[in-house]
Structure formats: C-alpha cells, structure tokens
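Please open the model in your viewer, with the sequence panel beside it, and keep a selection tool ready. The tour below moves from one selection to the next and says what is to be found at each stop.

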Amino acid sequence: FPSHDRRCGWLQNPTPANWYLQDREGSWTISTQGGAQAEGMENLPSFSETEYIKTNGYYGYGCGCLEVQTNSSQMRITSIQSGQSLNLNVCQTDPALR
C-alpha cells in the first residue's frame with residue numbers, strides 16, 4: 001500500500017534523469033534513466049546556486065523535503081505532491097544523514 005510521507009534529506013541528481021532522496025531510512029529512488037519515474041517530477045524543488053553542490057556538470061545535490069507517496073518495500077518514491085529546498089546546513093548538521 002502506498003503511504004503518504006514527508007521525507008527530508010539529500011536530494012541527489014547525479015546524472016540525467018536519475019534522482020534519489022537520501023534520508024534517515026536510506027536511499028529512496030525517485031527516477032532512473034530509462035526506468036521508472038515518480039509522478040509529479042515537476043514538483044521537485046529548485047535550488048539556488050548557493051544551496052546546490054555540483055558534482056558532475058549541472059548535476060549534483062541539495063537538501064530538501066518532499067511530500068510523497070512511497071512504496072517502502074522497494075524504497076521507491078512513486079508520487080511527489082510538493083517539495084521545498086532547505087539550506088545545505090540543515091542536512092549537513094543532521095546526524096541521521098550521511
């Protein structure tokens with residue numbers, strides 16, 4: 001059964017069409033290139049230049065919260081209702097996040 005959750009952590013976009021959310025429970029798959037993609041991708045938050053760490057050209061990661069539906073047995077986010085970006089230090093200082 002899908003559950004409705006607010007999940008916060010590192011929003012990672014390492015390469016085109018690949019999105020993950022790393023929170024205190026682990027790594028949730030949002031979309032994979034050529035594979036499954038959550039509904040509502042347009043609801044992912046946008047990050048300011050100063051709150052986004054680029055690791056690969058335009059790709060990288062930021063800190064944020066998402067209102068989502070999940071498939072917890074597969075660690076997949078199936079639908080994104082809304083999202084907001086947070087300051088990097090929110091994730092950097094959370095001991096539950098790597």
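Begin by selecting C63, which counts as buried, with a relative accessibility of 0%. This residue lies in strand β5, and the coordinates that you are looking at belong to a predicted model. With C63 still selected, display its surroundings: leaving aside residues up to four places away in sequence, C63 touches G9, W10, F47, S85, L86, N87, L88, V90 and C91. For a distance to check in the viewer, take the C-alpha atoms of C63 and N43, which are 15 Å apart in space, while the two residues are 20 residues apart in sequence.

**Across to S85**

Select S85 next, one of the residues that C63 touches. S85 is found in strand β6, which covers residues 76-86. Is S85 buried or exposed, or does it fall in between? At 32% relative accessibility it counts as partly exposed, whereas C63, at 0%, counts as buried. If residues up to four places away in sequence are again left out, S85 touches P45, S46, F47, C63 and G64, and F47 also appears among the residues that C63 touches. A second distance to draw runs from S85 to D5: the two are 80 residues apart in sequence, and their C-alpha atoms are 16 Å apart in space.

**The salt bridges**

Now show the charged side chains. Side chains of opposite charge can pair when their charged atoms come close. The structure holds 6 salt bridges, and the tour stops at some of them.

Select R6 and E67, whose side chains meet in a salt bridge with an N to O distance of 3.3 Å. This pair links distant parts of the chain, since R6 sits in strand β1 (residues 3-15) and E67 in strand β5 (residues 59-71), 61 residues apart. R6 itself is partly exposed, with a relative accessible area of 48%.

Move on to R7 and D23, where the side chains meet in a salt bridge at 2.5 Å, N to O. R7 belongs to strand β1 and D23 to strand β2 (residues 18-23), so the pair ties together parts that are 16 residues apart in sequence. Why do both partners count as buried? The cut-off for buried is under 20% relative accessible area; R7 has a relative accessibility of 9%, and D23 has a relative accessible area of 4%. Extend the selection to D5 and E25, because D5, R7, D23 and E25 are linked in a network of salt bridges.

Then select R24 and D94, which form a salt bridge whose closest N and O atoms are 2.9 Å apart. The two residues are 70 residues apart, and the pair links distant parts of the chain. Here the partners fall into separate classes: R24 counts as exposed at 59% relative accessibility, while D94 counts as buried at 19%.

**Two loops with a positive phi**

Most residues other than glycine have a negative phi. Against that background, select A17, where phi is near 65 degrees, a positive value in a residue other than glycine. A17 has its place in the loop between β1 and β2, and at 36% relative accessibility it counts as partly exposed. Select M75 as well: although it is not a glycine, M75 has a positive phi of about 55 degrees. M75 lies in the loop between β5 and β6 and counts as partly exposed at 23% relative accessibility.

**The whole chain**

Finally, clear the selection and colour the model by secondary structure. The protein has 1 helix and 6 strands, and from the N terminus on its elements run β-β-β-β-β-β-α. The radius of gyration is 12 Å, close to the 13 Å that the globule rule gives for 98 residues, so the protein is as compact as a globular protein of that length. Along the principal axes, the C-alpha trace spans about 35 × 30 × 20 Å.

With a surface displayed, you are looking at about 5,600 Å² of exposed area, of which carbon and sulfur atoms supply 47%, and buried residues make up 43% of the 98 residues. Among the contacts between residues at least 6 apart in sequence, 55% join residues at least 24 apart. As a last item, the mean positions of the 6 positive and 9 negative charges are 5 Å apart.

Conventions
Residues are numbered from 1 along each chain as its sequence is written. Side-chain values use heavy atoms; hydrogens and water are left out. A salt bridge is a side-chain nitrogen of Lys or Arg within 4 Å of a carboxyl oxygen of Asp or Glu. Helices (H or I, at least four residues) and strands (E, at least two) are DSSP runs, numbered from the N terminus. Buried means under 20% relative accessible area, exposed over 50%, partly exposed in between (1.4 Å probe, protein chains only). The radius of gyration is taken over C-alpha atoms; the globule rule is 2.2 Å times the number of residues to the power 0.38. Contact means heavy atoms within 4.5 Å. Accessible areas come from the Shrake-Rupley method with a 1.4 Å probe; for residues, only the protein chains shown count as cover. Lys and Arg count as positive and Asp and Glu as negative; His and the chain ends are not counted. The place of a charge is taken as NZ of Lys, CZ of Arg, CG of Asp or CD of Glu.
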